[in-house]
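Here is a short briefing to read alongside the sequence and the 3D view. Take a moment to turn the model around, and then follow the points below.

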Amino acid sequence: MTTQSLALTLPHARASRRTAGRPSLRATLTQTLMMAWRALKKMSRNLEQSFDVLIQPLLFVPMFASIFGGAISSDGKMSGYLPLLIPGLLAQTALTACMATGVQLREDMDKGVFDRFRSLPIARIAPLAGPALADVARYAVASVLTLAMGVAVGYRPAGGWGIPVGLALIIMAGWSLGWIFTWLGSVARSAQAVQGISMMIMFPLTFMSNAFVPASTLPGWLRAFVSVNPVSHIVTACRALMNGGALTADLGWAAAGCAVVVAVFAPMAVRAYSRKM
């Protein structure tokens, strides 16, 4: 076969392989769970990569509570600031944990791990959805540790059934926002680039929200951004759930925002990953 005929044949062979070898829905779910198990095994063998969810809550809760508690709380005491702070820190911790999703994906792709998946008849979404599913465990650990540390320094949530619902909301938000960083990991050229871009996304979303200070204390132009920031809706809904067990409209807005993020960035991540295959 000549070089010219081979060049004409390869695109058709790739196209036929993509269409003829598409797994069923059941096979896709099985492959996704296998990839999730692989990611969990990798986490257990590299605990230093999970320091952001193991150590950060233990540092941030007492640090933010001690620094800002007396200045922001109405009674001048740290305990009065904790009902506002802990739900905000829950959102920030989950968002910080999301960043590792894209960085680790890019590192795996740079090391050639995903090259091995090219020869396997698996769904294109499985290598992406599997690690994203495994990261739910990281978000859960980070959320529980943040809440536990908050209770240790004096936080007393009174939401009852709203406490686990609030934690579930944070975990769901972390999983959905993680698709943004999964897409970044698929299109960026290096893990360092993914980390740098992720930091530029994370800081405005968390610090330009109502996570640490009441929105009413902010300048008008900043308050306008805070009001449309999806993190603000997540934090407000979590506060209402954990502090009083109340269902508010922010819960619906937060759920809708998470659904939109997944609907937009999950297909974009799969498309970008497929182009590299």
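The largest share of the lining of the largest cavity comes from α5, which supplies 5 residues. This is a predicted model, and its chain holds 12 helices and 0 strands. Helix α5 is also a good guide to the rest of the briefing: α5 gives the most to the largest nonpolar core, with 16 residues.

**The largest cavity**

- The structure has 3 cavities of 30 Å³ or more, and the volume of the largest is about 170 Å³.
- Its lining is made up of 16 residues. To find the centre in your viewer, look for A39, K42, Q104, D108 and P131, the lining residues that lie nearest to it.
- Three elements give two or more residues to this lining, namely α2 (25-45), α5 and α7.
- By residue class, the lining of the largest cavity divides into 6 nonpolar, 5 polar and 5 charged residues.

**The nonpolar core**

- The largest nonpolar core counts 68 residues, and within it L85, W179 and M242 touch the most other members.
- The elements that give two or more residues to this core are α4 (56-72), α5 (78-111), α6 (113-117), α7 (126-152), α8 (162-187), α9 (191-207), α11 (230-244) and α12 (249-275).
- Which of these elements gives the most to this core? That is α5, with its 16 residues.
- L85 is a nice residue to centre on: leaving out residues up to four places away in sequence, L85 touches V61, F64, A65, A211 and F212.

**The chain as a whole**

- From the N terminus on, the elements run α-α-α-α-α-α-α-α-α-α-α-α.
- The chain has 277 residues, and 45% of them count as buried.
- If you take the contacts between residues at least 6 apart in sequence, 80% join residues at least 24 apart.
- The chain exposes about 13800 Å², of which carbon and sulfur atoms supply 69%.

**G102 and T182, a pair in contact**

- G102 is found in helix α5, while T182 has its place in helix α8.
- Is G102 buried or exposed? G102 has a relative accessible area of 0%, so it is buried.
- T182 counts as buried too, because its relative accessibility is 2% and the cut-off for buried is under 20%.
- Beyond neighbours up to four places away in sequence, G102 touches F181, T182, G185 and V194.
- Seen from the other side, and again leaving aside neighbours within four places, T182 is in contact with T101, G102, L105, L128 and A269.
- G102 and P131 are 29 residues apart along the chain, and their C-alpha atoms are separated by 9.9 Å. You have met P131 already, as one of the lining residues nearest the centre of the largest cavity.

**D110, also in α5**

- D110 has its place in helix α5.
- D110 counts as partly exposed because its relative accessibility is 43%, a value that falls between the 20% limit for buried and the 50% limit for exposed.
- Which residues does D110 contact once its neighbours within four places in sequence are left aside? They are R189, S190 and A191.
- D110 and R189 are 79 residues apart in sequence, and their C-alpha atoms are 8.7 Å apart in space.

**S232 in α11**

- S232 lies in helix α11, one of the elements that give two or more residues to the largest nonpolar core.
- With a relative accessibility of 4%, S232 counts as buried.
- Setting aside its neighbours within four places in sequence, S232 is in contact with S209, N210 and V226.

Terms used: Residues are numbered from 1 along each chain as its sequence is written. This is a predicted model: local features need pLDDT of at least 70, side-chain atom pairs count only at pLDDT 80 or more; totals for chains, interfaces and linings use all residues. Side-chain values use heavy atoms; hydrogens and water are left out. A nonpolar core is a set of buried Ala, Val, Leu, Ile, Met, Phe, Trp, Tyr and Cys residues joined through side-chain atoms within 4.5 Å. Buried means under 20% relative accessible area, exposed over 50%, partly exposed in between (1.4 Å probe, protein chains only). Helices (H or I, at least four residues) and strands (E, at least two) are DSSP runs, numbered from the N terminus. Contact means heavy atoms within 4.5 Å. On a 1 Å grid over the protein atoms alone, a cavity is a set of points where a 1.4 Å probe fits but cannot get out, and a pocket is an open set with protein on both sides within 12 Å along at least five of seven lines; lining residues have an atom within 4 Å of a point. Grid points are joined across faces, edges and corners, and a volume is the space filled by probe spheres set on the points. Ala, Val, Leu, Ile, Met, Phe, Trp, Tyr, Cys and Pro count as nonpolar, Asp, Glu, Lys and Arg as charged, and the others, Gly among them, as polar. Accessible areas come from the Shrake-Rupley method with a 1.4 Å probe; for residues, only the protein chains shown count as cover.
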